[in-house]
Amino acid sequence: MSSLTPVSKLLSIIVPTYNMEAYLDKCLTSLIVGEADSELMQKLEVLVVNDGSTDRSSEIAHGYEARYPYTFKVIDKDNGNYGSCINVALPLATGKYVKTLDADDWFDTDAFKGFLLWLDDKDFDAVFTDYYTVKDGIVSMARKLDFSPNTELRFADHYHKFFDVYMHRTTYNRRIFEGLDYHQTEGIFYTDGEWMYLPLSKVKTFIYYPKGIYCYLLGRIGQSMDPVVYQSNFSKRIELLYNYIHTYTACYLEGGKRNGISVNLDFLRIVCLHRAMSIYTSLLTIPNKEVRDKQLNLIENYLFQHYPHFYNQLNTASYPTWYVDHPHLSFRIIRTWRKYGIFATKIQMWFANHNLGIVERWRRFISRKSF
């Protein structure tokens with residue numbers, strides 16, 4: 001292949017992989033948007049991080065690096081889990097924008113090509129797109145975002161809608177990470193959520209590109225969202241909650257800044273509150289009294305001792321402007337348990353779920369009548 005004049009990278013994609021030989025080829029093939037020496041492929045940078053795989057993942061990745069040397073780069077490293085892959089690759093990324101892609105997922109190639117062409121002359125802190133879920137061969141579009149499409153928007157006006165926006169949608173301008181001292185937790189699952197936390201709090205402008213690009217595979221046995229794996233790693237979710245609260249508290253004590261850089265402190269706060277609410281309500285539904293009480297007391301004591309400011313916020317938090325489906329299944333549950341105990345909490349949850357069933361049946365009835 002003849003040498004080419006270097007082209008500035010438009011987008012860097014980080015692909016962490018661990019023993020994904022059955023999926024990696026489909027993932028990387030989905031990123032091929034032209035011939036190896038085409039201008040569009042030269043503008044694309046794909047950093048495949050082989051996280052100590054014991055299968056053919058490294059061999060497969062190096063094959064793409066050999067065929068598309070202007071685009072693919074392989075980083076072989078010892079196993080450290082998802083966060084370590086991001087921590088290694090992010091400082092090496094050279095694209096104007098950066099996005100992550102799990103090795104068992106893939107992009108809609110045609111939509112991705114269109115996205116690259118569209119992105120070429122854009123300059124926003126972040127771009128959010130639609131994505132698909134794929135389960136048992138059935139492809140479904142995830143919920144559309146509640147933003148005006150193709151319009152520059154201010155994060156400060158919409159941050160309350162972002163606590164459940166996932167990494168599948170997100171493309172950051174790489175300048176977001178400058179001076180942020182961003183570091184993902186290593187050695188555990190679910191740290192992809194951190195990608196949507198501290199970096200997002202620095203975003204000032206964004207745009208919604210309303211087309212599906214990312215294809216998110218569900219139902220694979222052994223994946224982090226497998227119910228069995230998810231439950232067995234519950235303690236790690238609590239550890240991540242503490243990390244979120246630590247980051248929020250540090251920024252709070254610095255007057256809404258991180259290393260002197262302004263961040264959206266209220267966004268960090270509501271994400272912490274939402275995650276805490278999720279942890280508490282999950283624990284409160286554990287039928288085993290001994291396990292439930294032990295876990296709840298541990299988290300209560302830890303928060304009270306280390307983060308009293310946040311602990312007290314759980315006593316006053318509400319959903320005045322947040323987008324949530326069922327706000328009554330939230331902080332009121334925590335406060336009822338703290339004040340009256342588990343019996344009163346179970347009664348409250350029963351009534352809440354009963355009322356939800358009535359509301360849902362009424363909505364279905366109205367929708368049928370509207371035709």
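In the predicted model, one aromatic cluster is formed by Phe-128, Phe-147, Phe-155, Tyr-159, Phe-162, Phe-206, Tyr-208 and Phe-267. Across the structure, the count of aromatic pairs comes to 28. One of these pairs joins Tyr-248 to Tyr-252 in a tilted arrangement, with 6.1 Å from centre to centre and 40 degrees between the planes. The angle falls in the tilted class because stacked planes are under 30 degrees apart and edge-to-face planes over 60. Both tyrosines lie in helix H9 (residues 234–253), where a spacing of 4 residues separates them by about one helical turn. An α-helix has 3.6 residues a turn, so residues three or four places apart point the same way. The two members of the pair nevertheless fall into separate accessibility classes, Tyr-248 being buried with a relative accessible area of 2%, whereas Tyr-252 is partly exposed at 36%.

Aromatic rings also receive charged groups in this model. The charged end of Arg-67 is placed over the ring of Tyr-64, at 4.6 Å from the ring centre, and that of Arg-338 lies over the ring of Tyr-311, at 3.9 Å from its centre.

At the level of the whole chain, the fold comprises 14 helices and 12 strands. Of the 371 residues in the chain, 51% are buried. When contacts between residues at least 6 apart in sequence are considered, 79% of them join residues at least 24 apart. The chain exposes about 18000 Å², and carbon and sulfur atoms supply 53% of this area.

The C-terminal helices were then examined. In helix H13, which spans residues 331–340, the buried positions include Phe-331, Ile-333, Ile-334, Thr-336 and Trp-337. This helix is followed by Gly-341, a residue with a positive phi near 100 degrees. Helix H14 covers residues 342–369 and contains Ile-347, which is partly exposed with a relative accessible area of 37%. Ile-347 belongs to a nonpolar patch on the surface, formed together with Phe-343, Trp-350 and Phe-351, and the four residues have about 480 Å² of accessible area together. Ile-347 can enter such a patch because membership requires over 30% relative accessible area, a cut-off that its value of 37% satisfies.

Side chains of opposite charge can pair when their charged atoms come close. In this model the count of salt bridges comes to 18. In one of them, Lys-43 is paired with Asp-120, and the closest N and O atoms are 3.0 Å apart. This pair links distant parts of the chain, 77 residues apart, with Lys-43 in the loop between helix H2 (39–42) and strand E2 (44–51) and Asp-120 in the loop between helix H5 (109–119) and strand E6 (126–135). The partners are covered to unequal degrees: Lys-43 counts as buried at 15% relative accessibility, while Asp-120 counts as partly exposed at 37%.

A further salt bridge is formed by Asp-123 and Lys-96, whose closest N and O atoms are 3.6 Å apart. This pair also links distant parts of the chain, with Asp-123 in the loop between H5 and E6, Lys-96 in the loop between helix H4 (82–89) and strand E4 (97–100), and a separation of 27 residues. Both partners are partly exposed, Asp-123 with a relative accessible area of 44% and Lys-96 with one of 31%. Through salt bridges that share partners, Lys-96 and Asp-123 are joined with Asp-125 and Arg-175 into one network. Elsewhere, Arg-56 forms a salt bridge with Glu-59, in which the closest N and O atoms are 3.4 Å apart, and Arg-56 is partly exposed with a relative accessible area of 41%.

Positive phi values were also found at residues other than glycine. Asn-19 has a positive phi of about 50 degrees and lies in the loop between strand E1 (11–17) and helix H1 (24–29), where it is partly exposed at 26% relative accessibility. For Asp-136, phi is positive and near 55 degrees, and the residue is placed in the loop between E6 and strand E7 (138–141). With a relative accessibility of 71%, Asp-136 counts as exposed.

Methods: Residues numbered from 1 in each chain as written. Predicted model: local features only at pLDDT ≥ 70, side-chain atom pairs only at ≥ 80, totals over all residues. Heavy atoms only, no water. Buried < 20%, exposed > 50% of the residue type's maximum accessible area, 1.4 Å probe, protein only. Helix = DSSP H or I, 4+ residues; strand = E, 2+ residues; numbered from the N terminus. Patch = residues over 30% accessible without salt bridge, like charges linked within 9 Å, V, L, I, M, F, W, Y side chains within 5 Å. Areas by Shrake-Rupley, 256 points an atom, 1.4 Å probe, with all protein chains shown as cover. Salt bridge = Lys/Arg side-chain N within 4 Å of Asp/Glu carboxyl O. Phe/Tyr/Trp six-rings, centres within 6.5 Å; stacked < 30°, edge-to-face > 60°. Lys NZ or Arg CZ within 6 Å of the ring centre and 35° of its normal. Contact = heavy atoms within 4.5 Å.
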